[in-house]
Amino acid sequence: SVNHYTYDPGFMSTASCESKITYIDGDKGILLYRGYPIEQLAEHSEYLEVCYLLLNGELPNAEQKKKYEDIIHNHTMVHEQMKSFLNGFRRDAHPMAVMCGFVGAFSAFYHDSLDINNATHREIASNRLVSKMPTIAAMAYKYSVGQPIIYPDNKLDYAANFLHMMFSTPCEKTEVNPILAKAMDKIFILHADHEQNASTSTVRLAGSTGANPFACIASGIAALWGPAHGGANEAVLSMLEEIGDVKNIEKFLAKAKDKNDPFKLMGFGHRVYKNFDPRAKVLKKACDEVLNELGINDPQLELAMKLEEIARNDPYFVERNLYPNVDFYSGIILKAIGIPTSMFTVIFAISRTVGWIAHWKEMLSEPYKISRPRQLYTGHTERDYIPVNLRK
Ligand code: SDX
């Protein structure tokens, strides 16, 4: 059974209250989506099936699964006018800036006819976001490399369609390698939800004001972008590149331990996990499998594994229960799939959109109040105004 914590509802804001969606035990390294262990879902399920589970609370039967997949596959295109919206960005804009803008702009394209108090309308918004996130992500990438947008191919499954939109060109349609599509789908599953982390709490807080779902998800994308959160996967690869060689590991560990140095070991540590992040374990195994299947000998994987081995035996990290988190190995797989580092956090956003929506829907499906976290005031006590000519 799951521990039920009691707290004073008057203090807790709606944004961070009870939920039935995801359970984490940080001490034991347990992560359950609607009661199912992440290890089993990563091994046996597919991302769209996990989306259905997170959104509806149960795994779909064959008929429900097919119906949901058809809905998502048949809504992958975005309003044609969004291409001109894209042209407003500089070519070198970070793709996460484009994603924030794009999803916020969905409010103008897809929200006017939606009533968030209507469960069917919430379902429509949910389906639009899950189906269109890969399309706008690939559009952001194509725009950044100066290539034409590639339309979705609805005969492909979710992950393969994304890789098609990323890497095909009008001159040559990419034959998506099934190994890469399976690895991509596994990454989507592993990042889909994680209880009430910073970006999910942002979405719940925005949703508690009655803001439309697209604006709420755009706020989640903005929060995820930070290097302490979803931006860490991109930062891990930059860190490994900077370390360069095993002989430099000790120097970087010293920097990570130096309180006067802002450097942190990216991909290590977690607000909740004080044991191995179960997603990191699955990703570490997947790294080996994908690189072996592809015949890639990536020195950065060896470097990452050596870094993990040394850090896990260093008293500073052991005393503080600092373990690799989801971001430590994900970048190595994404690199093997051919995803550029600038798109790593975008991949996280594509995947986590369903978790954000599940929490948004869960909050709106019950009576809710606007979130209004209180503070502990530590400023001045009341004092009288001083005219400027009397001030020192
Ligand atoms: C994600 O919340 C979620 O669920 C998020 C997420 C999700 O799925 O949504 O899991 C995704 O955001 C994973 C985290 C990705 N971020 C990184 O990998 C960035 C590097 N990690 C650190 O910035 C850090 O570990 C945090 C931000 C993740 C957590 O920071 P905290 O809350 O300060 O961690 P802590 O309280 O456990 O720290 C204890 C000590 C502190 O030192 P002391 O004050 O005790 O001397 O450990 C130190 C910290 O300074 N520490 C680190 C460290 N992480 C914590 N020291 C060096 N390198 C690190 N990575």
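Guide: On a 1 Å grid over the protein atoms alone, a pocket is an open set of points with protein on both sides within 12 Å along at least five of seven lines. A molecule sits in a pocket if more than half of its atoms lie within 2 Å of the pocket's grid points. In this structure, the space taken by the ligand is the second largest pocket. The model is predicted, so local features need pLDDT of at least 70 and side-chain atom pairs count only at pLDDT 80 or more, while totals for chains, interfaces and linings use all residues. Residues are numbered from 1 along each chain as its sequence is written, and side-chain values use heavy atoms, with hydrogens and water left out.

Visitor: How many residues surround the ligand, and which are the closest?

Guide: Count a residue as near if one of its heavy atoms lies within 4 Å of the molecule. Here 25 residues surround the ligand, and the closest are H194, K264, H270, K274 and R279.

Visitor: What polar contacts does the ligand make, for instance with an atom of K264?

Guide: Look for a pair of N or O atoms within 3.5 Å. For K264, a polar side-chain atom lies 2.7 Å from an oxygen atom of the ligand. R352 also places a polar side-chain atom by a ligand oxygen, at 2.8 Å. F268 uses its backbone instead: one of its N or O atoms there lies 2.9 Å from a nitrogen atom of the ligand.

Visitor: How much of the ligand's area does the protein bury?

Guide: Taken alone, the ligand exposes 1,100 Å², and the protein buries 78% of that. These areas come from the Shrake-Rupley method with a 1.4 Å probe.

Visitor: Now the helices, please. What span should α8 have, and how far apart are its ends?

Guide: A helix here is a DSSP run (H or I, at least four residues), numbered from the N terminus. Its expected span is 1.5 Å times one less than its number of residues. Helix α8 covers residues 178-190, so its 13 residues should span 18 Å, and its end C-alpha atoms are indeed 18 Å apart.

Visitor: What caps the N-terminal end of α8?

Guide: That is N177, whose side-chain oxygen lies 2.7 Å from the backbone nitrogen of I179.

Visitor: Are the residues of α8 buried or exposed?

Guide: Buried means under 20% relative accessible area, exposed over 50%, and partly exposed in between. In α8, 10 of the 13 residues are buried, so the rest of the structure largely encloses this helix. Among them are L180, M184, I187 and F188. The list also includes charged-looking letters such as D185 and K186.

Visitor: Where does E195 lie, and what is its phi?

Guide: E195 lies in the loop between α8 and α9. Its phi is positive, about 60 degrees, although E195 is not a glycine. At 28% relative accessibility, E195 counts as partly exposed. N321 gives you another positive phi in a residue other than glycine, near 50 degrees. You will find N321 in the loop between α15 (315-319) and α16 (326-337), and it is partly exposed at 31%.

Visitor: How far apart in space are K335 and D298?

Guide: Compare the separation along the chain with the C-alpha distance. K335 and D298 are 37 residues apart in sequence and 9.6 Å apart in space. K335 is found in helix α16 and is partly exposed at 33%. Try F109 in helix α5 (residues 95-110) as well: its C-alpha atom is 9.1 Å from that of Q81, 28 residues away along the chain.

Visitor: And what separates the C-alpha atoms of S208 and Y143?

Guide: They are 65 residues apart along the chain and separated by 34 Å. S208 has its place in the loop between α9 (198-207) and α10 (213-224), where it is buried, with a relative accessible area of 4%. P60 is a loop residue too, between α2 (47-56) and α3 (62-73), and it is buried at 11%. Its C-alpha atom is 6.9 Å from that of E49, 11 residues apart along the chain.

Note on methods:
Helices (H or I, at least four residues) and strands (E, at least two) are DSSP runs, numbered from the N terminus. Buried means under 20% relative accessible area, exposed over 50%, partly exposed in between (1.4 Å probe, protein chains only). A polar contact is a pair of N or O atoms within 3.5 Å; within protein, one must be able to donate a hydrogen and the other to accept it, and residues adjacent in sequence count only if both atoms are side-chain atoms. On a 1 Å grid over the protein atoms alone, a cavity is a set of points where a 1.4 Å probe fits but cannot get out, and a pocket is an open set with protein on both sides within 12 Å along at least five of seven lines; lining residues have an atom within 4 Å of a point.
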